[in-house]
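Me: Please take a close look at a single part of this model, the place where its two assigned domains meet, and then set it beside the contact between the chains.

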Amino acid sequence: MSGVPPPATPAGRVARGVLLLVFGTFFVLPLYAMLDFTTRLPDGSRTAATWRQAFSPSVMNDQYPELVQGIVNSLLLTVFTVALMLVLLLPTMIWVRLRVPRVRKVVQFVSLLPLTVPAIVLVVGLAPVYAWVTYFFGESSVLLAFAYVVIVLPYSYRALDAGLSAIDVTTLSEAARSLGASWLTVMVRVVVPNLRGAIMSAAFLSVAVVLGEFTIASLLSRDNLQTTINLIGKRDAQMAVAVSFAFLAIAFFLLFLLSFVGGVRALSGKQPSPEDAA
Amino acid sequence: MTSETPETSETSGTHGSPATAERSGAAVELSDLHRHYGPVRALDGLTLNLAPGEFVALLGPSGCGKTTALRIVAGLERATSGRVLIGGQDVSAVPTNKRDIGMVFQAYSLFPHMTARRNVEFGLKMRGRPDTTRAGEMLELVGLSAQSDRYPHQLSGGQQQRVALARALAVAPAVLLLDEPLSALDAKVRVQLRDEIRRIQLELGTTTLFVTHDQDEALAVADRVGVMREGRLEQLATPTDLYTRPTSGFVADFVGTVNRVAAVVASGRASLLGTEVPTLPGSVTSGPGTALVRPEHLVLEPAAEDGDGTVVLATFLGAMGRTRVDLDSGETVVVQVPSGDVERLSPGARVGVRCSPSPVLVIE
């Protein structure tokens, strides 16, 4: 069976166009509304003042210091969350695949569990834990990374699991072992390089989740981008929407980058010619 | 079980010749290996000795334990009991990466993110021997110098397995383990690579244990072939001996084609199809039995009178032909005939069937 899709019929092309238009409108319209709102003055005229302010570090520092702090917190949270998630999840998943495949279902269940628990319920459980976290490590908002690792777990797990399923981890590791590699070398030099796409997927999805997280930060009284936007929105709605838009664009860019990287990887292979077949 | 050490086995004229190679491999000894998975006995007392530089193939049906045995030698699985000795040293508790082995797997096992050359260099680096020329030499040995900068996905299946072979041999292992490395390849490439593996093995003299379910592969390349059944070695012998002197019905059935013909044994000779032939060791000593006769050991004769049976099917196979004959006794036999005879042996023709004087195994 060929992997090349059959050419679309005229009716198919029309249906495809209509669907693209409907869904495009569905996604683009709110963005357009945000952009429109951030560039409109009360008299109906247009201005880019809000955007100029948003991209002016001095103005932001002077007028919206809490927003800058929120952005910094969120960026730090993304870094720590991704790092912690990879350190915890990646070796565990590789180890489970290679050495204890019988517990794979258990790890899968545990990893997907946060998806079924509403954030508000999660906070009820996290609140007493964070009382201890605060006691030992202080009140830094960056400590939310511990909670965020839990909420990004289902997305990261799926991405890494897909990557691990795409390669024959067992055979590759056995081949490496037979050539003299230690388990650490197998992971670092054989498995991880072949999971680059999956690791990037897991990381980008985690970044998107962390940048958009509000509930846990708000209920645990920590400051991140979303809680600050919410706060700023009460006194300067245009700036709040502009910053939201900017971070949405960043998230879209990350996802675009992700699919671009995956696409390039898929296309990079040159197939052997028939004369090479033997 | 019949198991011979190389010293005691008769040497086959065509395969036996470990002497053709410079012997640099190590002796390998599998001693009373057991491997149980719950109630399932994958290995049930396997004992096998490989002489330095010898090429032994383990042959058998799926689930007979041949791959398990190979993986235990590699250290990828632990034996429930028994010992593995490489070069006289007990390596039963030594982890895979500390064993002096090279292995080629059934599945493509090249590291996808490395070029062919870097794949071959990997083992050298792991063993602290970053020899820049060795990888090139090994790729040249398998005829892939020109493809050294290609990634695995840019190589065909046959090329990938050749690189895997070069990678396994680059570290100059004491033992080379081949786990059905040809089974994913198409027939023509399989034969090419099979011959190449044997050529290289003879050139380097590496002790080699080759697992396969393909009898042609095993018979074509190995110094000795071990036929396994239910975790045990049924017979270990040179390819010629295994084919011509099977010690059990299972081996005779598994290696090549046999006809089962009623026979009567007396004084070491079997009477069948109107012919008297010597019996092989392991046969019943007297009385009625079933003779296991190869198609090439049966001869068709023009029916002088009524004949012994009727031709059911005659098949042209190029260099020879095969004829299926329904005997009047109710048995059906397959007879190898010269290809030129196939046309005249039309279905329905009456023929006589005789047995050539080659020794046969007669079982109960």
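Reply: Across the interface of domain 1 of chain A and domain 2 of chain A, the salt-bridge rule finds 0 pairs, in what is a predicted model. Polar contacts do occur there, with 2 residue pairs across that interface, both residues of each pair being at pLDDT 80 or more. Sorted by class, the side of domain 1 of chain A that touches domain 2 of chain A is made up of 4 nonpolar, 2 polar and 1 charged residues.

The two parts in question are given by the domain assignment of chain A, which places domain 1 at 12-47 and domain 2 at 63-277. Taken over C-alpha atoms, the centres of domain 1 of chain A and domain 2 of chain A are separated by 30 Å. In terms of residues in contact, domain 1 of chain A contributes 7 and domain 2 of chain A contributes 8. Between these domains of chain A an area of about 670 Å² is buried, and carbon and sulfur atoms give 85% of that area. On the side of domain 1 of chain A, the residues that lose the most area to domain 2 of chain A are A:Leu31, A:Met34 and A:Phe37, which together account for 66% of what that side buries.

The contact between the chains can be described in the same terms. Here 34 residues come from chain B and 26 residues from chain A, and the area buried between the two chains is about 2500 Å², with carbon and sulfur atoms giving 57% of it. In chain B, the residues losing the most area to chain A are B:Asn97, B:His113 and B:Met126, together 22% of what that side buries.

Between chain B and chain A the count is 1 salt bridge; A:Glu174 forms a salt bridge with B:Arg71, and the closest N and O atoms of this pair lie 2.6 Å apart. The count of residue pairs in polar contact between chain B and chain A is 6, both residues of each pair being at pLDDT 80 or more. Several elements of chain B each supply at least two residues of the side that touches chain A, namely strand E7 (101-104), helix H2 (116-126), helix H4 (157-170) and helix H5 (187-204). Of these residues of chain B, the largest share, 5 residues, comes from H4(B). By class, the side of chain B that touches chain A has 16 nonpolar, 12 polar and 6 charged residues.

Definitions and conventions. Residues are numbered from 1 along each chain as its sequence is written. Chains are lettered from A and ligands numbered from 1 in the order in which they are written. This is a predicted model: local features need pLDDT of at least 70, side-chain atom pairs count only at pLDDT 80 or more; totals for chains, interfaces and linings use all residues. Side-chain values use heavy atoms; hydrogens and water are left out. Domain bounds come from an automatic or database domain assignment. Contact means heavy atoms within 4.5 Å. Buried area is the accessible area (1.4 Å probe) that two parts lose on being put together, summed over both. A salt bridge is a side-chain nitrogen of Lys or Arg within 4 Å of a carboxyl oxygen of Asp or Glu. A polar contact is a pair of N or O atoms within 3.5 Å; within protein, one must be able to donate a hydrogen and the other to accept it, and residues adjacent in sequence count only if both atoms are side-chain atoms. Ala, Val, Leu, Ile, Met, Phe, Trp, Tyr, Cys and Pro count as nonpolar, Asp, Glu, Lys and Arg as charged, and the others, Gly among them, as polar. Helices (H or I, at least four residues) and strands (E, at least two) are DSSP runs, numbered from the N terminus.
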